[in-house]
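Work through the exercises below with the coordinates open, and try each task before you read its solution.

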Amino acid sequence: MRATIRALRIGILGAGTIARVHARNLDQIPDAQLVAVADLSSERAKELVGSRGAAIVPDLDRLLHCELDAVIVCLPPFATAGVIARIAEAGVHLYAEKPVGLSLEAALDDLDCVRSAGVVSASGYMWRSSSLVRKACELLSGRAVGLVQGAVITAAPPPVWWRDKTLSGGALVEMATHIIDLMRLFGGEARRVTCVGARKLLQSAGCSVEDVAAATVEFQSGAVGSFGLSCATSGGRWSVDVVASNVHLHLNFFPEQMSGNCDGLPISQIAEVTPFIVPHGFSGATSWYWSLYQFVSAARSGDPTKVGASFEEGVRTLALTLAFEESLVAGGAPVAVEHIE
Ligand SMILES: NC(=O)c1ccc[n+]([C@@H]2O[C@H](COP(=O)([O-])OP(=O)(O)OC[C@H]3O[C@@H](n4cnc5c(N)ncnc54)[C@H](O)[C@@H]3O)[C@@H](O)[C@H]2O)c1
């Protein structure tokens, strides 16, 4: 793959909440230029562009006519079908927000296109780009992991589509998938899962999303894990505990910090506050920045291994997430996790 010497010409597809975060981070990344924004709503696109001087277009077709090197896909889950394949086939690098689809079959078709096009691809599992996650991987390297335990206790996001499970995929697919991704990162590929869930706490009319869930996982290595989810409170926590030989790590992402012990010594670390990263109301802001920074570096150098979470990792995490979802729908029955070549 050839390196790009000039600034990377980037387009954003979908100009909502997460697109605003990415646009502000792009402003801080050297050698990256936002040149076009596409949204069904020209108002939203206009608001995102602001004084950046980027073109405003209504859809992906027009976006792909803007001589782009890369596209950041920030569409709601229900609108992503076929989008990744079209970007890859146009020879354009892509950063796909999570979840990378609502069906594994469609995501695997996208992955085929990404692989055969040979473009640089990333998925929005930004915590893989956290310095604390990197440190945790170093500490765990060469040790047998025994237990991985996740927690997502948070509020339901504001978009209207989020509460309609047919549009968002539900709380596991749209939300817990971040923690499921880290459970895969630390525990390795999974063999079998169970999950139960219920609608207990969210009162809004028309809400079809389970707002509490509890799950178990058996990893191929023989390690085991579990997570709990609730999305009907303010505040809360997004965390993962990992227990391996002579190590216990507790990572919490709101704010990003790690504690625990390793070989008898205590560990206590807080993610560095990086002054040039613009705060945007979310705790954990640095991971979003570094995830995009790594993607831009990978795309400019033509080295796909530089991304934090590849599109392929996103598809593997989707497979595991959908296995939890299948078990939930089946009332907690064990479900084998799809193996991806
Ligand atoms: N990585 C993270 O932590 C994180 C955080 C928030 C959201 N997300 C993900 O980002 C995606 C978008 O979420 P959001 O909260 O920004 O949603 P949003 O509803 O705020 O924004 C989505 C935008 O896409 C536009 N849109 C919808 N269909 C379109 C189409 N076919 N063509 C062009 N534009 C279209 C809408 O008009 C809207 O402006 C979701 O998949 C969500 O899971 C990731």
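**Exercise 1.** Determine in which sense β5 and β6 pair, and over how many bridges.

Solution. β5 and β6 run parallel and are joined by three bridges, where strands count as paired if DSSP finds at least two bridges between them. Within this pairing, alanine 96 has serine 123 of β6 as its bridge partner. The strands are DSSP runs of E with at least two residues, the helices runs of H or I with at least four, and both are numbered from the N terminus. The model is a predicted one, in which local features need pLDDT of at least 70 and side-chain atom pairs count only at pLDDT 80 or more, while totals for chains, interfaces and linings use all residues. Residues are numbered from 1 along each chain as its sequence is written.

**Exercise 2.** Identify the partner of β5 that belongs to a β-α-β unit with α4, and give the handedness of that unit.

Solution. The partner is β4, and β4, helix α4 (residues 83-89) and β5 form a right-handed unit, meaning that, with the strands pointing away from the viewer, the path from the first strand over the helix to the second runs clockwise. β4 (residues 70-73) pairs with β5 in the parallel sense over four bridges, and valine 71 is bridged to leucine 94. A right-handed β-α-β unit is also made by β5, α5 and β6.

**Exercise 3.** Sort the residues of β5 by the direction in which they point.

Solution. In a regular strand the side chains alternate between the two faces of the sheet. In β5 (residues 93-96), His93 and Tyr95 point one way, whereas Leu94 and Ala96 point the other way. All are buried, that is, 20 or more other C-beta atoms, placed from the backbone, lie within 10 Å of the residue's own.

Terms used:
A residue is buried if 20 or more other C-beta atoms lie within 10 Å of its own, exposed if 12 or fewer, and partly exposed in between; C-beta atoms are placed from the backbone.
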